[in-house]
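Reader: Hello! I am new to this structure and would love a close look at one part of it. Could you walk me through a pocket and the parts around it?

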Amino acid sequence: MVKLDHAAPTTTKDTAGGLRRDVGLIGLMWASVGSIIGSGWLFGAQKAVVVAGPAAIISWVIGAVAIVLLALVHAELGGMFPVAGGTARYPHYAFGGLAGMSFGWFAWLQAATVAPIEVEAMVGYAKHWKWAESLQHADGTLSASGFAIAVVLMAVFVGVNFFGVRALAHTNSAATWWKIAVPLAAIFIIAIGNFHPGNFTSEGFAPFGAKGVLAAISSSGIIFALLGFEQAIQLAGESRNPKRDLPRATLGSVAIGSVIYILLQVVFIAALPHTSFAHGWAKLDFPGISGPWAGLATLVGLGWLGLVLYIDAIISPAGTGLIYTTATSRVSFGLAKNGYAPKLFTKTDKRGVPWFGLITSFVTGVVCFLPFPSWQELVGFITSASVLMYAGAPLAYGVFADRLPHMERPYRLPFGKVISPMSFVVANLIIYWAGWDTLWRLGFAILLGYVLLGSYAWYAIRKKLSDAPRLDFKAAQWLPPYLVGMGLISLGGGFGGQGIIPLWWDIAVVAAFSLGIYYWAKATASKPEEIERSIGEVVVTDAPAH
């Protein structure tokens, strides 16, 4: 057994050497804010108001509270284990190889589907120009020519990663300032002279009731927009003062993002001319609605601002797409380093780029355009995959609180034993609200992952390869019932399911089921000595040496 001194590790070494603790509060916060403010702001307000009416403001508030709960749990874990890529490692420490492989696959799904979402955002806003009008059908789905353009854009993302990925790091600060400045400018410039309070009540504040408010959280891009806080956690190993800075950066980034998005929703509703929603919010329509904010700016006589927003609709999504294409290849690299995927994913070219992982991310992105041809459908998928990945943190938190009570925690979450199960319940509610139509596709993707990774793990164990993973079925016995159970509840619920479980009762069912899984997972988790051995045998899954 590897003996720990019950102190959080201070340095994580990769193949290029140790990580230096040079990142301060602003660096951590900017990493998260830059991830939170992405293509979500370009479409989120319009998609949410169509689903929930003006009550979409409540949806944003609920979404922000949900993300804060998840962020708080991640803040303590990030301080305990200041290692790069910690999000996917916590379940591995707590529940062994099977859980590690599963949540590693969820992390890969999350990363692999972001770039296609950004491509959809770029194509959607491009319809402003005559030559691009035929790229999408009236329902937002890609036409044949749109699909071809989307494939080309994915290829560009991959190509730039092969030849210019290192240069992207130097533009992050400027890009983040741009991402913050443009939506703030849109908020205040459009609000001046175009704020109509009567818009909030003229067609009903909540015309679709509570169901619309809850559905908007997952399906219209609210949670997707607020995701990204974990970037500060991923940099925990390089934080100068994790005890002070991690919670501030995590919560600060969520606060900044939430305020911006709520203001965007308020101003979007108030600035619309009544004729655009006179037939009901579900039939919202105005010239340029395919690029909602740019179209609105043009509609109220701010054509120059509309032009800026059309430019932003290229720059912001492209930057995020490039970064997540990189992330996808690095996650697959990490899965291979941990023995969950073939070593081919660790092969690098002369520039140190994991070329096979990049090609795989391109193929995956193209496939995503087939079952999820529109931005909103892709958002529902990525929201579910992301939250499923994040759900592993509350489970791991509960295990560490019981099994490693004396381990140093630079940041200790107040009322953690209450907030942790609450955050797991909230994560599962977000997944449930995404709807059956999204979840059955996610279930298929999960099964595909088990076939692919499971087959390789079985082969590696059978051949007694040196990198064969140790799968702990006993510690992860709760995982199959958890995944199947969430699917069955969704099928029986009213969010795209058969409607057998009435509204509000479905929330109670999800909550009770979640708590049952939470305490089952705690009871069957790895023993303290096994957890310590896993922590002591950290296999770094960061980018390869260049």
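Author: Gladly! Let us take the second largest pocket and begin with what its wall is made of. By class, 20 of the lining residues are nonpolar, four are polar and one is charged. Please keep in mind that this is a predicted model.

How much space lies in this pocket? The second largest pocket holds about 630 Å³. Its lining is made up of 25 residues, and those closest to the centre are Trp105, Trp108, Leu109, Thr364 and Leu448. Four elements each give two or more residues to this lining: α5 (97-126), α13 (303-337), α14 (355-368) and α18 (436-462). Which of them gives the most? That is α18, with eight residues.

Now let us follow two of these helices along their length, starting with α5. This helix has 30 residues, and from its first C-alpha to its last it reaches 44 Å, close to the 44 Å expected at 1.5 Å a residue. Is α5 buried or exposed? Here 30 of its 30 residues are buried, so α5 is largely enclosed by the rest of the structure.

The other helix to follow is α13, with 35 residues. At 1.5 Å a residue α13 should span 51 Å, and this agrees with its end C-alpha atoms, which are 51 Å apart. Along the way, α13 bends by about 25 degrees, and the bend is at Asp312. Just after this helix comes Gly339, where phi is positive, at about 85 degrees.

It may help to set the pocket within the whole chain. There are 21 helices and two strands in the chain. The chain has 546 residues, and 59% of them count as buried. If you take the contacts in the chain with a separation of 6 or more, 84% are between residues 24 or more positions apart.

For a single buried residue to look at, try Ser253, which lies in helix α11 (residues 242-271). Its relative accessible area is 0%, and because buried means under 20%, Ser253 counts as buried. What does Ser253 touch? Leaving aside residues up to four places away in sequence, Ser253 touches Met29, Ser32, Val33, Ile36, Phe229 and Arg248.

To return to the pocket on your display, you could start from Trp105, Trp108 and Leu109, which are among the residues closest to its centre, and then look for α18, which gives eight residues to the lining.

Methods: Residues numbered from 1 in each chain as written. Predicted model: local features only at pLDDT ≥ 70, side-chain atom pairs only at ≥ 80, totals over all residues. Heavy atoms only, no water. 1 Å grid on protein atoms, 1.4 Å probe; cavity = no way out; pocket = protein on both sides within 12 Å on 5 of 7 lines; lining within 4 Å. Points joined across faces, edges and corners; volume = space filled by probe spheres on them. Nonpolar A, V, L, I, M, F, W, Y, C, P; charged D, E, K, R; others polar. Expected span 1.5 Å × (residues − 1). Bend = angle between axes of the 7 residues up to and from the residue. Buried < 20%, exposed > 50% of the residue type's maximum accessible area, 1.4 Å probe, protein only. Contact = heavy atoms within 4.5 Å.
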